[in-house]
Amino acid sequence: MSATTNAGRRKFMLALTAGGAAAAAAALTGTHQAPVQANANKEAASKRGYQETAHVRQYYQTARV
């Protein structure tokens, strides 16, 4: 292989290593987030899933055979 190809590979590997180190440092020094309140999670969970609304009841009435 030529010296130019090896030099290009070395530069690429150096940039890759430096980028990985920078990403790791950024991940370790991230901002601290406040803990989520338990009540907020319960309210959000109660709004998920199946809910029989007026629209759903209307559909059931029209779909009866």
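## Exercises on a three-helix chain

Phe-12 sits in helix α1, which spans residues 3-28; helices here are DSSP runs of H or I with at least four residues, strands are E runs of at least two, and both are numbered from the N terminus. The model is predicted, so local features need pLDDT of at least 70 and side-chain atom pairs pLDDT 80 or more, while totals for chains, interfaces and linings use all residues. Residues are numbered from 1 along each chain as its sequence is written, and side-chain values use heavy atoms, without hydrogens and water.

**Exercise 1.** Work out which residues share a nonpolar surface patch with Phe-12.

*Solution.* Start with exposure: Phe-12 has a relative accessible area of 53% and is therefore exposed (over 50%; buried is under 20%, partly exposed in between, with a 1.4 Å probe and protein chains only). Next, apply the patch rule: members have over 30% relative accessible area and no salt bridge, and nonpolar side chains are joined within 5 Å, like charges within 9 Å. A salt bridge puts a side-chain nitrogen of Lys or Arg within 4 Å of a carboxyl oxygen of Asp or Glu. Met-13 and Leu-16 join Phe-12 in a patch of about 330 Å².

**Exercise 2.** Classify the aromatic pair found in the whole structure.

*Solution.* The search returns 1 pair: Tyr-59 and Tyr-60, 6.1 Å centre to centre with 55° between the planes. Ring centres must lie within 6.5 Å; planes under 30 degrees apart are stacked, over 60 edge-to-face and the rest tilted, so this pair is tilted. As for exposure, Tyr-59 is exposed at 51%, whereas Tyr-60 is partly exposed at 37%.

**Exercise 3.** Find the elements with the lowest and highest mean pLDDT.

*Solution.* First list the elements: the chain has 3 helices and 0 strands. Then compare pLDDT, the predictor's confidence in each residue from 0 to 100: helix α2 (residues 38-46) has the lowest mean, 63, and helix α3 (residues 54-63) the highest, 93. Finally, the chain mean is 77, with 69% of residues at 70 or more. Where pLDDT is low, predicted coordinates should not be read in detail.

Technical notes. Rings of Phe, Tyr and Trp (its six-membered ring) pair if their centres lie within 6.5 Å; planes under 30 degrees apart count as stacked, over 60 as edge-to-face and the rest as tilted. Accessible areas come from the Shrake-Rupley method with a 1.4 Å probe; for residues, only the protein chains shown count as cover.
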